[in-house]
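Got the viewer open and a free hand for the mouse? Let's take a walk through this structure, one selection at a time.

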Amino acid sequence: MQTLVLTIHILTCVFLVIFVLLQSGQEGMGVIFGGGSGSVFGSTGAGGLLVRITAGLAAIFLVTSLAYNVLTKPSVLGESTLMTQGAAGIAAPAPVQATVPGGVSFEEKALPKPEAPATEQK
């Protein structure tokens, strides 16, 4: 069932992208008020068929998205979660030992201290 829903969902996505790209762009804000008549589909544009197909594909996309989510959700009864375990269920990570690169020595060498000048006693 999951495979069928996922296949329909992917096909719907592809066709939805195609039909959205097929719709022609509008000339500007004047189109909102009924302007713009330079379209291949006439003065009303492709509003009738392309918009209805796009809306139908969007509805199918929504339904398949929700159906796939319901079909693939994990069962709450059989699995333990962090909410049921609390903080005690979290294991602390093991400490990582720092490694020294091969052939390199990191010994600290002290510089020789300068000798104090000898004072003459008379």
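## The whole chain first

Of the 122 residues in the chain, 9% count as buried. Keep in mind that you're looking at a predicted model. Show the whole chain as a cartoon and you'll find three helices and zero strands, so to speak an α-α-α pattern when read along the sequence. Switch to a surface view: about 11,000 Å² is exposed, and carbon and sulfur atoms supply 66% of that.

Now colour by confidence. The mean pLDDT of the chain is 75, with 57% of the residues reaching 70 or more. Which element of the chain has the lowest mean pLDDT, and which the highest? Helix α3 (residues 82–85) has the lowest at 60, while α1 has the highest at 93. Where pLDDT is low, the predicted coordinates should not be read in detail.

One more thing before zooming in. Take the contacts between residues at least 6 apart in sequence: 80% of them join residues at least 24 apart.

## Stop 1: the start of the chain

Select M1, which sits in the segment before α1. Is M1 buried or exposed? M1 has a relative accessible area of 68%, and because that is over the 50% cut-off, M1 counts as exposed. Add A67 to your selection and draw a distance between the C-alpha atoms: M1 and A67 are 66 residues apart in sequence and 9.9 Å apart in space.

## Stop 2: a nonpolar patch

Next, select L6, I10, L11, V14, F15, I18 and L22, and turn the surface on. Together they form a nonpolar patch on the surface, with about 610 Å² of accessible area. Click on L11 for a look at one member of the patch. L11 lies in helix α1 (residues 2–22), and with a relative accessible area of 47% it is partly exposed.

## Stop 3: along helix α2

Hop over to helix α2 (residues 47–72), where three residues deserve a click.

Begin with T54, which has its place in α2. T54 has a relative accessible area of 13%, so it is buried. What lies 2.6 Å from a polar atom of the T54 side chain? It's the backbone oxygen of L50. Leave aside the neighbours within four places in sequence, and T54 is in contact with L16, F19, V20 and Q23.

Then pick L57, also found in helix α2. L57 is buried, again with a relative accessible area of 13%. Show T12 as well: the two residues are 45 apart along the chain, yet the C-alpha atoms of L57 and T12 are separated by 6.1 Å. Not counting residues up to four places away in sequence, L57 touches T12, F15, L16 and F19.

Finish with T64, which lies in helix α2 too. Its relative accessibility is 8%, under the 20% cut-off, and therefore T64 counts as buried. Which side chain makes a polar contact with the side chain of T64? That would be H9, at 2.7 Å. Beyond the residues up to four places away in sequence, T64 touches V5, I8 and H9.

## Before you close the viewer

For a last view, keep T54, L57 and T64 on screen along with their partners. F19 is in contact with T54, and F19 is touched by L57 as well. Add H9 and you have the polar contact with T64 in the picture too.

Notes: Residues are numbered from 1 along each chain as its sequence is written. Side-chain values use heavy atoms; hydrogens and water are left out. Helices (H or I, at least four residues) and strands (E, at least two) are DSSP runs, numbered from the N terminus. Buried means under 20% relative accessible area, exposed over 50%, partly exposed in between (1.4 Å probe, protein chains only). A polar contact is a pair of N or O atoms within 3.5 Å; within protein, one must be able to donate a hydrogen and the other to accept it, and residues adjacent in sequence count only if both atoms are side-chain atoms. Contact means heavy atoms within 4.5 Å. Patches are made of residues with over 30% relative accessible area and no salt bridge: like charges are joined within 9 Å, nonpolar side chains (Val, Leu, Ile, Met, Phe, Trp, Tyr) within 5 Å. Accessible areas come from the Shrake-Rupley method with a 1.4 Å probe; for residues, only the protein chains shown count as cover. A salt bridge is a side-chain nitrogen of Lys or Arg within 4 Å of a carboxyl oxygen of Asp or Glu. pLDDT is the predictor's confidence in each residue, from 0 to 100.
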